[in-house]
Amino acid sequence: MRRVCVIGAGITKFMRRAKETGKELSFEAARMALDSAGMELKDIESVAEGTAPDAFDAMHMKAEYLSDGSGAFQKPYTRSYVGGGTGVFLGCHGWWHIASGMFDTCMVIGEEKMSSCFPHPQAAFLTIFDNFTERPLGPNLVWIFALEMNRYMTKHNIKKEDIALVSVKNHGNALDHPSAQLGMKITVDDVLKSETLAYPVQRLDISPTSDGAAAIILCSEEVAKKYTDNPVFIDGVGWHLDTAYWTDRDLYYPKYVEYAARMAYKMARIDNPRKQIDFAEPYDPFDYKELHHMEGLMLCGKGEAPKLTREGVTQRDGALPTCPSGGALGVGNPIAATGVMKLCELFWQLRGEAGRRQIKNNPRTGVAQAWGDLMQVGTVTVMRN
Amino acid sequence: MGVVPVKKVAIVGVGQTSLKPFSPEVSYKELMYEAAVRAYEDVGINPRKDVDSFIGVSEDFWEGTSIFDEYLPDQIGGALRPVCTIGNEGLHGIATAAMQVKTGQFRVVAVESHSKVSEVVSPLSVMSLAFDPILNRPLNFNPHMIAGLEMSRFLYDSGVSREECAKVVAKNRASALKNPNAAYPAKIEVAEIMKSEDSFPPMKKLEMSAPADGALVFVVASEKRAKELTDNPIWIDGIGWMNDTPTLENRDWANARYAALAMKMASKQAGYGAQDVDLFEIDDTYAYKEIQHAGALGICDPLDYQDFEADGWAPVNPSGGSLGCGHLLDATGLLRLAEAVYQLRGTAGPRQIKDANRALVQSWRGVPTTSGAVALLSNDNGGDAR
């Protein structure tokens, strides 16, 4: 198999309501990624786009609309989507363009503009549920994730205080991210006193809704040599989608994330993730999800993630820095762009270019992961320097 | 990393439902299930064990469900397996499967797409939402008007007559009479079409393909696995896909540049072009599009289309095309591909073309896109001929 390199990354500011159109956001991220790689658009042979539901901006065939902003004019162009998992899945989507030998270069772009859905994008999520069995109940995402969070807490006897530590850490980490929407210093008490939305989910447990875009440049090893001495490699990709009947699942553990991780680890020849992975960017649209996903990624045992968090292991200076970027909670959560932001973070950390966010354990291997649909999909990308 | 790269990729299984203007007797899940069962039975595999990756091709608004990929795995045997959705045309899904197989990490990949358009309350409203929200949508036009305008420009530029477009309708709907799966077979005289009502002048209503319900599933495999699974693999010799500009204001209205560019990409891989194949299954969403696409693909000059047809060295749309079979939204390209597979296998029944060893399949995503894909295929004899 051809080894796939990452040689550039770009990102817009994540914000609640961007004045730019989706095309313009995509352009900005793409331009920055190309500049950072030292490339021009003409050097790009293919484009892999990711953007989650069309319902956010009422754009049918959204990728077609975004195509010129994403640099796909007269280029082979595909769009992938697996709901909230789309962003990190773009690592997989771009990977097969290069690993197949069909292309030597591929620009990967994740874009999301949620603010067009007025007054709040949560309304769009009503349309993700089963037409017959669920929609009549009027569920929303906060509602079903409250069920999952509750199940996770109950199963392992986890305290809300321990989960809140994730929110404190990620909002704090985001203070060092120039693109961040919600970098702030908060305390566990702030989280516990914030408004309850659907018990046990409170306002500061949840990532914001955001607009933004992020991009990475992938290429073959031969091409990478022309542009940099310091490429980062995508050594493993994995994804798994479980049944749509989410009510049949025991929600305490994301088995589909574990399966996706196993697929990626096998490809990357990782047999002991706890030892071989130096840092992680698990998907954290809710604070408990970071913990849930650390367990799914097999970075710790089931129910152990809160303990690691409490002990400071997941801090930037800990043994297993987790969401050093600030994650979806802190940097913001423009769905498909969030996952690519996590891929960007792996790239910058592995190149030693993360500035004030740089982790100090001399990282060699990082893993990014996203999750979505009806608590149903896990997508995983492993990078090495 | 020790994985052997895969050079050749084959289609080893195909399953489809029949196509119908309405299908109230089944849900979209049942349609998908039927196509999937037929495809897996066609090649004799168990999707729970033998398929390494599943790809769906769909768009949320046509489904009436956001992040529709949620509802993909169960009906196609993909629960708790690698499954993803591609938001493009069916042939893009095949291209994605080909790329996955070529990485060497996946031996067998399944591709699904379907249309349940009969349940869409207002297809025109859905299509309208594909237009630029700032520059185009406020003008509040019927989306098919764009096709009428394009046809007008194409006729002006190429010199093709309105009657020649009408002939495409008569031909394709007549071809569909031999296709038991087709939704709109008919014997219509060209004069009758010419006398029929104008919808989006110069386009007649009869020159617009009508929507239909249906589902298709394909099984794609690496060379090694294909030879184990079947005696009759259909090789994907080349596959290309391309986007031109999404803006209406500065595109080329006369020529289908996306089709020409996708063709260039596919023929570079295959090492042969439009002149070397035995049949064509190309996009005819609107009748003029078949002629325009024939020009872009290098089949013949649009002006010579009737001579080329009369000459008959390689038939275009023996299946009946979208005009005869019905338009299947983003599954349309897979329907064209299915006919090519039947023809190259020699199992097309009354439609069988003699000595069909190579085929060209092309798709277009419809108004207002400039997204197209091309696949060049051969059977084992087509390979020997090279």
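Q: How many residues does each chain give to the contact between chain A and chain B?
A: Two residues are in contact if their C-beta atoms, placed from the backbone, lie within 7 Å. In this predicted model, the contact takes 51 residues from chain A and 50 residues from chain B. Local features need pLDDT of at least 70 and side-chain atom pairs count only at pLDDT 80 or more, while totals for chains, interfaces and linings use all residues. Residues are numbered from 1 along each chain as its sequence is written, and chains are lettered from A, and ligands numbered from 1, in the order in which they are written.

Q: Which element gives the largest share of the side of chain A that touches chain B?
A: Helices (H or I, at least four residues) and strands (E, at least two) are DSSP runs, numbered from the N terminus. Here the largest share, 5 residues, comes from E3(A). Two strands pair if DSSP finds at least two bridges between them, and 2 bridges join E3(A) to strand E3 (residues 83-86) of chain B, the two running antiparallel. In this pairing A:Ser80 has B:Ile86 of E3(B) as its bridge partner.

Q: Are the residues of strand E11 (residues 371-378) of chain B buried or exposed?
A: A residue is buried if 20 or more other C-beta atoms lie within 10 Å of its own, exposed if 12 or fewer, and partly exposed in between, with C-beta atoms placed from the backbone. In a regular strand the side chains alternate between the two faces of the sheet. For E11(B), 8 of its 8 residues are buried, with B:Ser371, B:Ala373, B:Ala375 and B:Leu377 on one side and B:Gly372, B:Val374, B:Leu376 and B:Ser378 on the other.

Q: Which strands pair with E11(B)?
A: Strand E8 (residues 234-243) of chain B is joined to E11(B) by 8 bridges in the antiparallel sense, and B:Gly240 has B:Val374 as its bridge partner. Strand E10 (residues 358-364) of chain B also pairs antiparallel with E11(B), over 7 bridges, and there B:Val361 is matched with B:Ala375. E10(B) and E11(B) form a hairpin with 6 residues between them, and B:Gly366 in the turn has a positive phi of about 90°.

Q: Which residues touch the most other members of the largest nonpolar core?
A: A nonpolar core is a set of buried Ala, Val, Leu, Ile, Met, Phe, Trp, Tyr and Cys residues joined through C-beta atoms within 7 Å. Of the 265 residues in the largest one, A:Ile216, B:Phe218, B:Val220 and B:Ala375 touch the most other members. Leaving aside neighbours within four places in sequence, B:Ala375 has contacts that include B:Leu91, B:Ile236 and B:Val361.
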